[in-house]
Amino acid sequence: MTELLRPDAAGLARAADLLGGGGLVAFATETVYGLGADAANGRAVAAIFAAKGRPHFNPLICHYADAQAAFDDVEATPAARRLAAAFWPGPLSLVLRRRVACPVALLAGAGLETLAVRVPAHADALALLRALGRPVAAPSANRSGQVSPTNAAHVLAGLSGRIDAVLDSGPCQVGVESTVLDVTGARPVLLRPGGVTREAIVAVVGAIDRAAPPAVALAGGTLRSPGLLASHYAPALPVRLQAREAAADEALLAFGPAPEGAGTVFQLSAACDLAEAAANLFAGLRTLDEAGRRLGLRGIAVMPVPEEGLGLAINDRLQRAAAPRG
Ligand code: TXA
Ligand code: MG
């Protein structure tokens with residue numbers, strides 16, 4: 001049985017108790033719901049992988065109540081300190097070297113000598129972290145390969161019965177995961193675009209590199225090197241990118257005015273606002289996937305989203321949703 005908890009004093013205390021006892025609790029952050037476990041408890045961290053059905057051990061992000069607590073566990077570089085001051089609490093995860101005394105289970109970092117750390121900008125998440133008094137390792141609270149959850153119902157749809165509780169704090173405000181930035185070296189490397197834009201990061205630390213850009217041609221929607229793109233965030237229906245129109249048997253994920261005659265439409269943002277589109281993205285994919293399968297449609301067509309600001313994170317998730325299934 002998975003308990004549904006309200007984020008009041010009693011619910012937060014129950015959630016912290018469950019985590020402290022090695023349990024799994026899903027909780028809201030500003031980005032998506034995370035599936036949390038006590039990061040120092042290796043068995044609890046292993047249970048995250050089992051509940052998600054993750055085929056192999058990807059490193060997890062560790063969540064902290066404040067920057068001081070995070071930098072007690074990892075070695076902060078000057079760039080990391082500037083970024084933390086600018087963006088924490090917020091949707092930025094910093095990859096840094098573990099300190100020798102770091103109590104986080106090695107499995108949480110998949111055995112790497114680095115650890116991704118962040119301070120989430122969500123009152124309930126911060127209250128939970130303070131109540132537990134230890135870092136919480138948390139990937140997105142979905143079954144492996146599926147669309148990330150942005151409300152408690154999404155979490156239950158995938159994980160009900162497999163985890164101890166969900167703390168229901170309503171919908172997430174940002175809607176795409178945190179930006180993951182490796183700041184161990186001289187020049188930061190963008191590992192995953194996310195809720196803090198590349199432009200905002202460059203304004204604080206100067207030029208950054210980008211690791212392994214997605215091997216997808218943005219124009220035309222054809223895959224150049226499909227093998228380089230792991231399928232992820234994937235609805236059951238096939239996803240077609242860069243659509244200017246939808247066929248009669250396709251659902252349409254619209255960004256801006258939808259073309260005439262499109263039948264089953266989910267609007268990400270009629271006004272082409274990227275923040276609004278990011279917040280709606282995963283719910284839109286889920287809604288069209290359900291509706292499309294119910295109506296016997298062949299796939300989901302997605303209108304183009306500009307590759308700037310939060311558009312980098314949105315396009316990254318869409319490209320993974322459209323990647324060939326493994
Ligand atoms: O917004 C988010 O980041 C959400 C919420 C719950 O905080 N969490 C999340 O976790 O998206 P997850 O596990 O779905 O994604 C973690 C990402 C993966 O791409 C992983 O490879 C990368 O962070 N990562 C974690 N630790 C790393 C490390 N030590 N070095 C390089 N990449 C790392
Ligand atoms: Mg995930």
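Two strands pair if DSSP finds at least two bridges between them. Strands (E, at least two residues) and helices (H or I, at least four) are DSSP runs, numbered from the N terminus.

The model is predicted: local features need pLDDT of at least 70, side-chain atom pairs count only at pLDDT 80 or more, and totals for chains, interfaces and linings use all residues. Residues are numbered from 1 along each chain as its sequence is written, chains are lettered from A and ligands numbered from 1 in the order in which they are written, and side-chain values use heavy atoms, with hydrogens and water left out.

**Exercise 1.** Trace the open sheet of 4 strands.

*Solution.*
- Start with the order: S12-S15-S13-S14, with parallel pairing.
- Find the edges. Strand S12 (239-240) and strand S14 (265-269) each pair on one side only.
- Take one edge. S12 pairs with strand S15 (residues 299-302) in the parallel sense, over 2 bridges.
- Pick a bridge: arginine 240 is partnered by alanine 301 in S15.
- Add the helix. H8 (residues 274-294) packs on the sheet and touches S13 (250-255), S14 and S15. Contact means heavy atoms within 4.5 Å.
- Give its direction: about 160° to that of S14. Axes are lines fitted to C-alpha atoms, for helices over the stretch in contact, and angles run from 0 to 180 degrees between N-to-C directions.

**Exercise 2.** Describe the surroundings of ligand 1.

*Solution.*
- List the neighbours (a heavy atom within 4 Å). There are 22 residues around ligand 1, and Thr31, Arg54, His63, Ser178 and Arg192 come nearest.
- Check polar side-chain atoms against ligand oxygen atoms (N or O pairs within 3.5 Å). Serine 178 lies at 2.5 Å, histidine 63 at 2.6 Å and arginine 118 at 3.0 Å.
- Finish with area. Alone, ligand 1 exposes 680 Å², and the protein buries 86% of that (Shrake-Rupley method, 1.4 Å probe).

Methods
A polar contact is a pair of N or O atoms within 3.5 Å; within protein, one must be able to donate a hydrogen and the other to accept it, and residues adjacent in sequence count only if both atoms are side-chain atoms.
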